[in-house]
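Thank you all for making time this morning. I would like to walk you through one structure, slowly, a few residues at a time, so please keep it in view while I talk.

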Amino acid sequence: MDFQVHDIKVGAGPQIALGDTVRLLYRVCIVGDEVGQVKLIESNTWPEEPIEVRVLEEHLLPGILHGLVGMKSGGGVRRLVIPPELALGDRDWMGVPGGS
């Protein structure tokens, strides 16, 4: 699987850069092998409770870091498809099996 970025809605603000602090709403899902097979792992979208993170390597998984940098702030929506090597690798985490 390749790293993929899909802009659903482009924000109206400046592009996010390394070192910026951003407020995020997010959903973490695992997509299975079968069409339509999606498992929600974690979300802060209902009720909306944005988290504030600094866009730095030591704070984020590589795939999330790559997905945030360059995204326009101000209401943008971006879908990331992150391969295991840019996520958790072989480690299990909060219901996410290694290799996901």
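Let me begin with V31, which counts as exposed because its relative accessibility is 57%, and the cut-off for exposed is over 50%. Please keep in mind throughout that what we are looking at is a predicted model. V31 sits in strand β3, and if we set aside residues up to four places away in sequence, V31 touches Q37 and V38. As for V10, that residue is 21 residues from V31 in sequence, and the two are 24 Å apart in space, counted from C-alpha to C-alpha.

Now to the strand itself, and to what it pairs with. Strand β3, residues 27–31, is joined to β4 by five bridges, and the two strands run antiparallel. To pick out one pairing, R27 has S43 in β4 as its bridge partner. Together β3 and β4 form a hairpin with six residues between the strands, and in this hairpin G36 takes a positive phi near 80 degrees.

If we follow the chain past β4, which covers 38–43, we come to N44, placed in the loop that leads to β5 at 51–54. Is N44 buried or exposed? N44 is buried, because its relative accessible area is 7%, and buried means under 20%. The side chain of N44 reaches two backbone atoms, namely the nitrogen of Y26 at 2.6 Å and the oxygen of E49 at 2.7 Å. Beyond its neighbours within four places in sequence, N44 is in contact with L24, L25, Y26, E49, P50 and I51.

One of those contacts, L24, takes us to the largest nonpolar core, which has nine residues in all: I16, V22, L24, V53, V55, L60, L65, L68 and M71. Both β2, at 21–24, and α1, at 62–68, supply at least two residues of this core. Within that group, L60 is in contact with V53, V55, L65 and L68, and also with R54, again leaving aside neighbours within four places in sequence.

Finally, let us turn to the largest pocket, whose volume is about 1,700 Å³. Its lining is made up of 42 residues, and those nearest the centre are Y26, R27, V28, R78 and L80. The elements giving two or more residues to that lining are β2, β3, β4, β5, α1 and β6, the last of these at 77–81. So we meet Y26 again here, the residue whose backbone nitrogen is reached by the side chain of N44.

Notes:
Residues numbered from 1 in each chain as written. Predicted model: local features only at pLDDT ≥ 70, side-chain atom pairs only at ≥ 80, totals over all residues. Heavy atoms only, no water. Helix = DSSP H or I, 4+ residues; strand = E, 2+ residues; numbered from the N terminus. Buried < 20%, exposed > 50% of the residue type's maximum accessible area, 1.4 Å probe, protein only. Polar contact = N/O pair within 3.5 Å; in protein donor to acceptor, adjacent residues only side chain to side chain. Contact = heavy atoms within 4.5 Å. Pairing = 2+ DSSP bridges. Core = buried A, V, L, I, M, F, W, Y, C linked by side-chain atoms within 4.5 Å. 1 Å grid on protein atoms, 1.4 Å probe; cavity = no way out; pocket = protein on both sides within 12 Å on 5 of 7 lines; lining within 4 Å. Points joined across faces, edges and corners; volume = space filled by probe spheres on them.
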